[in-house]
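Visitor: I'm new to reading protein structures, and I keep meeting words that nobody explains. Could you show me one and tell me how each label is earned?

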Amino acid sequence: MIRDTRRFANIADKVRHEVPLDQDDGVFLYHYPDLLAVGALANDRRERLHGDSTFFNVNFHINPTNVCEADCKFCSFARLTPESPAAYTMSIDQIRQKLQDRLDQPVTEIHIVNGLHGGLPFEYYKDCLRVLKQLRPDVHLKAYTAVEIHYFAEKYGMSHEQVLRELIDAGLGSLPGGGAEIFAERVRHKMCKDKASAEQWLAVHRTAHRLGLRSNCTMLYGTIETLEERVDHMLRLRALQAETGGFQTFIPLAFHHEGNDFARLPEPTGVDNLRTYAVGRLMLHNIPHIKAYWIMIGVKIAQVSLSFGVDDLDGTVQEEKIYHMAGAETPQAMTRADLVRLIREAGRTAVERDTLYNTRWTDDGAALPGIRIDASVPFSGHHTRVQLPVLS
Ligand code: V47
């Protein structure tokens, strides 16, 4: 594509005056050859919103079951039936034990996601929240994607609102952003036709926001979607945000291809990852945060993304399964000290937050309470693989 600098300057002007970008602007930014110029524009907005602050939290994941009736082509985690090899379902006691094992850690959030299991009662999902709250009443439970909430509503004969109210009573604190994939019907039909549609996903979040819950939103990119469909996805999120204001953060999720039906597709490159963060920051002027989920893109690209519009690195994570079963080579966890050091090295200020973005600790150069950070030792990062597309 030619370097249409006048058109780029026009878009930059819109961004500086907080004029929302349209579909054509988004697609143009995806094609504009000067990646660093797109990144700098996104960084401008990031710094206007958050200065140098870079948020993270201390969390861990529980995936109580990977049994799932949906046959999503990109998924390496799910097993169709309880009898399938490597299928598992944790007992409520095993779920409690996951937290029991970490009672000495300063965890503030547990992120809980399941497959769509056809054989469990609704009580199971409520008990899962209840036992965790019993053990640590102060911990925030970010649980069950909109796809799960919609599935519960259909399976147990309730409205989205009834499902959410019962889960809130059991301890639900907010909704994670998973399951959005790509909203375009063409892609959803080929990729994940057995689960909630785009409208249903958005309807669950609309209801959650009306009930006072905050939530996150995601976009799975790098499979069979076009760049136009990515931008359309962002615009649909932006429209709901204009209505409710309930989304906290947008998380682009880079496709990982091992162990799933899309294995023949190349994974997104580092350039695509950085550009997608930047375009997300520029299109979604009304969503406060852009999160790079370091588990997926690798620690090194995550660090660079902090200059391409990203202001949040998720958390310490621990026990991540969905990406590691799809071939992610990132570590299973980072410590608080690791996160702080990589943020410092990127020239930013680390801010430990809770799930709702209340500040718990800000890096003023002193060590985290109870943790020694030797800033003289450069953060070494971890090996991650970026596979380039095969050129024909
Ligand atoms: O819904 C599954 C995606 C999501 C693959 O809300 C894949 O704070 C790439 O939503 N390659 C789950 N992506 C993860 C998620 C998430 C992660 C971190 C933070 C938050 C948050 C949410 O991962 C799924 C799906 O969209 N996914 N398989 C794959 N092979």
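Guide: Sure! Keep in mind that this is a predicted model. Let's begin with one pair of residues: Leu175 sits opposite Ser215, which belongs to β6.

Visitor: What makes β5 and β6 a pair of strands?

Guide: Count the bridges. Two strands pair if there are at least two bridges between them, and β5 and β6 have two bridges, in the parallel sense. So they pass, because at least two is what the rule asks for.

Visitor: How many bridges does β6 have with β7?

Guide: Six, and these two strands also run parallel. One example is Thr218, whose bridge partner in β7 is Ile251.

Visitor: What about β4 and β5, how many bridges join them?

Guide: Two bridges join β4 (residues 140-143) to β5 (residues 172-175), and the strands run parallel. Here Leu141 has Leu172 in β5 as its bridge partner.

Visitor: Which strands make up the open sheet, and in what order?

Guide: Seven strands, in the order β2-β3-β4-β5-β6-β7-β8, with parallel pairing.

Visitor: Why are β2 and β8 said to stand at the edges?

Guide: Because β2 (59-62) and β8 (289-290) each have a single partner strand, one side of each is left without a neighbour in the sheet.

Visitor: What lies across the sheet strands β5, β6 and β7?

Guide: That's helix α9 (residues 198-210), which runs at about 160° to β6.

Visitor: Which strands does β1 pair with?

Guide: β1 shares four bridges with β10, in the parallel sense, and two bridges with β9 (residues 312-315), again parallel. Ser53 has Thr349 as its bridge partner in β10, while Phe55 stands opposite Asp312 in β9.

Visitor: What makes you call β1 and β6 mostly covered?

Guide: Look at the buried residues. In β6, seven of its eight residues are buried. In β1 (residues 53-57), it's four of five.

Visitor: Why does Asn273 count as buried?

Guide: Its relative accessibility is 5%. Buried means under 20%, so Asn273 earns the label. Asn273 lies in helix α11, and its contacts beyond four places in sequence are Tyr221, Ala254, Pro268, Ile297 and Ile301.

Visitor: What makes the meeting of the Asn273 and Tyr221 side chains a polar contact?

Guide: The distance is one part of it: the side chains come to 2.5 Å, and the cut-off for such a pair of N or O atoms is within 3.5 Å. The pair is listed as a polar contact.

Visitor: How do you know that Glu47 and Arg348 form a salt bridge?

Guide: Their side chains meet at 2.7 Å, N to O. The rule wants a side-chain nitrogen of Lys or Arg within 4 Å of a carboxyl oxygen of Asp or Glu, so the Glu47 and Arg348 pair qualifies.

Visitor: Which parts does the pair of Glu47 and Arg348 tie together?

Guide: Glu47 is in helix α3 (residues 35-50) and Arg348 is in the loop between α14 (336-345) and β10 (349-353), so the pair ties together parts that are 301 residues apart in sequence.

Visitor: Are Glu47 and Arg348 buried or partly exposed?

Guide: Arg348 is buried, at 8% relative accessible area, and Glu47 is partly exposed, at 34%. Those names follow because buried is under 20%, exposed is over 50%, and partly exposed is in between.

Visitor: Which residues does Lys73 meet in salt bridges?

Guide: Lys73 meets Asp71 at 3.4 Å, N to O, and Asp261 at 3.7 Å, N to O. Lys73 lies in the loop between β2 and α4 (92-100) and Asp261 in the loop between β7 and α11 (270-283), so that pair ties together parts that are 188 residues apart in sequence.

Visitor: How many salt bridges are there in the whole structure?

Guide: The search finds 33. Some form a network that links Glu123, Lys126, Asp127, Arg130 and Glu166.

Visitor: Which residues have the most contacts inside the largest nonpolar core?

Guide: Ile110, Leu132, Tyr144 and Trp201, in a core of 118 residues. Helix α5 (residues 122-135) gives the most to this core, with seven residues. Tyr144 touches residues including Ile112, Leu129, Phe152 and Leu175.

Note on methods. Residues numbered from 1 in each chain as written. Predicted model: local features only at pLDDT ≥ 70, side-chain atom pairs only at ≥ 80, totals over all residues. Heavy atoms only, no water. Contact = heavy atoms within 4.5 Å. Axes fitted to C-alpha atoms, helices over the stretch in contact; angles between N-to-C directions. Buried < 20%, exposed > 50% of the residue type's maximum accessible area, 1.4 Å probe, protein only. Core = buried A, V, L, I, M, F, W, Y, C linked by side-chain atoms within 4.5 Å. Polar contact = N/O pair within 3.5 Å; in protein donor to acceptor, adjacent residues only side chain to side chain.
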